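Reader: I'm new to this one and would like a quick tour. Could you show me the model first, and then we'll talk it through?

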Amino acid sequence: MTANTINWGILGCGWVARDYVAPGIIHAPNACLVALSDPDAHAMQAIAALTSGTTANHDLDTFLQTPGLDAVYIATPNHLHRPLTEAVARAGKHVLCEKPMATTANDAEAMVRACRDAGVQYGTAFDQRFQARHRKLQELAASGALGTITAARVHYACWTPGDWVPPTQGSHDNWRVDPARAGGGAFIDLAPHGLDLLQWILGEPLIEVGCLLQRRVFDYPVDDGAVLMGRFEGGALLTMNVAYNCPDAFPRRTLEIIGTDAMAVARNTMGQTPGGTLTLINARTGEAHEVSVPKAEDVSPFQTQIAAFSQSLLDSVPFPFTPERDLHTMRLLEAAQANAGGVRVS
Ligand SMILES: NC(=O)c1ccc[n+]([C@@H]2O[C@H](COP(=O)([O-])OP(=O)(O)OC[C@H]3O[C@@H](n4cnc5c(N)ncnc54)[C@H](O)[C@@H]3O)[C@@H](O)[C@H]2O)c1
């Protein structure tokens, strides 16, 4: 760490690391990419072109001994989040770990404990908190511009066959459809984003959840779609549909918040990229107007997230999104998944 820069390493150099995390670190004004590690030679080769000069190795111990390394972004399959977080914390480095935190709430708790015991910061990399239109929506909701919020709806879906290969990747081991490595299917992969985002935007925790899971299109051993319902502490209701079985050509990234004074509709904002639209519809007139965000803020949410986490470390203050709120989300996910089902009526 210098006075104004955090030195980052990335553990797991696949799709999200190569296309979003590495560019985010490189472009954040207070971050520098100093180390990479991945046992897969192809993954290392693909990321190397982007990050020339960054130390790359396959060995965790050597990676953790990179001179000046301050913080590690963990972007591996989900089942490795716990052991890698524990190893990184033991080495005295701060952790920003991809979602879902882990495949079980128990593992997630162990990760937070390991970081606390080692005196390092832990953050879950929910990039969508840093999407410029989501930040604007959070401000609007907090200011009361929507009135009393009664309901929030999310549709976040994609097409993920068993042999799915991420965009821009030549070949791929699709761990996402392996229950042991992923912890579930579309539900555990996509629902964490919506749950985290809505609890932040509404400014209150979700306190009740339920879900139905489906295996409708694909024959892999995890769910390819799910519907969640829930209730926030203040009484607003949640409905969310996540899916791996929704053709990518359809509208499939929508977040709506309904209030007594206005309804907010965010389209194509959920995901990894800036852009999309945010529309407010007036409850009395029905008129819709698009809410703009400053051009300078409409940048990669990964970049903004890296800059925010780096700044917390530089200022020695807690990252504003606490591990406890991430644990609550993890417990909601686990409870909903374990109790999935409805009342059968014959
Ligand atoms: N925030 C988002 O929008 C978003 C998007 C995609 C993925 N993700 C999350 O990011 C993580 C990675 O997903 P992905 O799509 O990039 O997967 P991926 O399969 O493309 O990449 C994972 C990489 O981890 C590597 N790896 C495996 N074991 C390792 C180890 N012991 N040490 C270091 N590297 C190891 C693999 O070789 C692979 O290159 C997952 O937790 C996923 O849920 C988040």
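Author: Sure. One term before we start: a residue is called buried if its relative accessible area is under 20%, exposed if that area is over 50%, and partly exposed in between. Keep in mind, too, that this is a predicted model.

Reader: Okay, let's try that term out on helix 4. Which of its residues are buried?

Author: Helix 4 runs over residues 81–90 and is mostly covered, with seven of its 10 residues buried. The cover over those buried residues includes strand 1, helix 3, strand 4, strand 5, helix 5 and strand 6. The buried ones are His81, Leu84, Thr85, Glu86, Ala87, Val88 and Ala89.

Reader: And just after helix 4, what phi does Gly92 take?

Author: Most residues other than glycine have a negative phi. Gly92 is a glycine, and its phi is positive, about 80 degrees.

Reader: There's a ligand in here as well. Which residues come nearest to the ligand?

Author: The shell around the ligand is a mix, with 10 nonpolar, 10 polar and seven charged residues. The shell holds 27 residues, and the ones that come nearest are Trp15, Asp38, Asn78, Trp175 and Gln272.

Reader: How far is a polar side-chain atom of Asn78 from an oxygen atom of the ligand?

Author: Let's go through a few pairs of polar atoms. Glu98 has a polar side-chain atom 3.3 Å from a nitrogen atom of the ligand. Thr76 takes part through its backbone, with an N or O atom 3.2 Å from a ligand oxygen. For the polar side-chain atom of Asn78 and a ligand oxygen, the distance is 2.7 Å.

Reader: How much of the ligand's accessible area does the protein cover?

Author: On its own, the ligand has 840 Å² of accessible area. With the protein around the ligand, the covered part of that area is 89%.

Reader: Which elements give two or more residues to the shell around the ligand?

Author: Two helices fit that description. They are helix 1 (15–27) and helix 8 (186–202).

Reader: Let's move to the nonpolar core. Which element gives the largest share of the largest core?

Author: In soluble globular proteins, nonpolar side chains tend to be buried together. Here the largest nonpolar core has 103 residues, and Trp8, Ile10, Tyr73, Phe187, Ile201, Leu255 and Ile257 touch the most other members. The largest share of this core is 11 residues, and they come from helix 8.

Reader: Which residues is Ile201 in contact with, leaving aside neighbours within four places in sequence?

Author: Ile201 is among the core residues that touch the most other members. With its sequence neighbours set aside, its contacts are His134, Leu137, Gln138, Ala141, Leu255 and Ile257.

Reader: Ala141 is on that list. Is Ala141 buried or exposed?

Author: Ala141 sits in helix 6, residues 132–143. Beyond four places in sequence, Ala141 touches Leu146, Ile149 and Ile201. Its relative accessibility is 14%, and since the cut-off is under 20%, Ala141 counts as buried.

Reader: How far apart in space are Ala141 and Ala264?

Author: In sequence they are 123 residues apart. From C-alpha to C-alpha, the distance in space is 9.1 Å.

Reader: How far apart in space are Gly234 and Ala41?

Author: Gly234 is in the loop between strand 9 and strand 10, and at 63% relative accessible area it is exposed. Gly234 and Ala41 are 193 residues apart in sequence. Their C-alpha atoms are 50 Å apart.

Reader: Now a loop residue with little accessibility: is Thr51 buried or exposed?

Author: Thr51 lies in the loop between helix 2 and strand 3. Leaving aside neighbours within four places, Thr51 is in contact with Ala22, Ile26, Leu33 and Leu36. At 4% relative accessibility, Thr51 is buried.

Reader: What about backbone oddities? Which two residues does a cis peptide bond join?

Author: Most peptide bonds are trans. The cis bond leads into the loop between strand 5 and helix 5, where Pro100 is placed. Omega is about -15 degrees, and the residues joined are Lys99 and Pro100.

Reader: Last one: what is the phi of Ser316?

Author: Ser316 is found in the loop between helix 9 and helix 10, and it is exposed, with a relative accessible area of 64%. Ser316 is not a glycine, yet its phi is positive, at about 55 degrees.

Terms used
Residues numbered from 1 in each chain as written. Predicted model: local features only at pLDDT ≥ 70, side-chain atom pairs only at ≥ 80, totals over all residues. Heavy atoms only, no water. Near = heavy atom within 4 Å. Polar contact = N/O pair within 3.5 Å; in protein donor to acceptor, adjacent residues only side chain to side chain. Areas by Shrake-Rupley, 256 points an atom, 1.4 Å probe, with all protein chains shown as cover. Helix = DSSP H or I, 4+ residues; strand = E, 2+ residues; numbered from the N terminus. Nonpolar A, V, L, I, M, F, W, Y, C, P; charged D, E, K, R; others polar. Core = buried A, V, L, I, M, F, W, Y, C linked by side-chain atoms within 4.5 Å. Buried < 20%, exposed > 50% of the residue type's maximum accessible area, 1.4 Å probe, protein only. Contact = heavy atoms within 4.5 Å.
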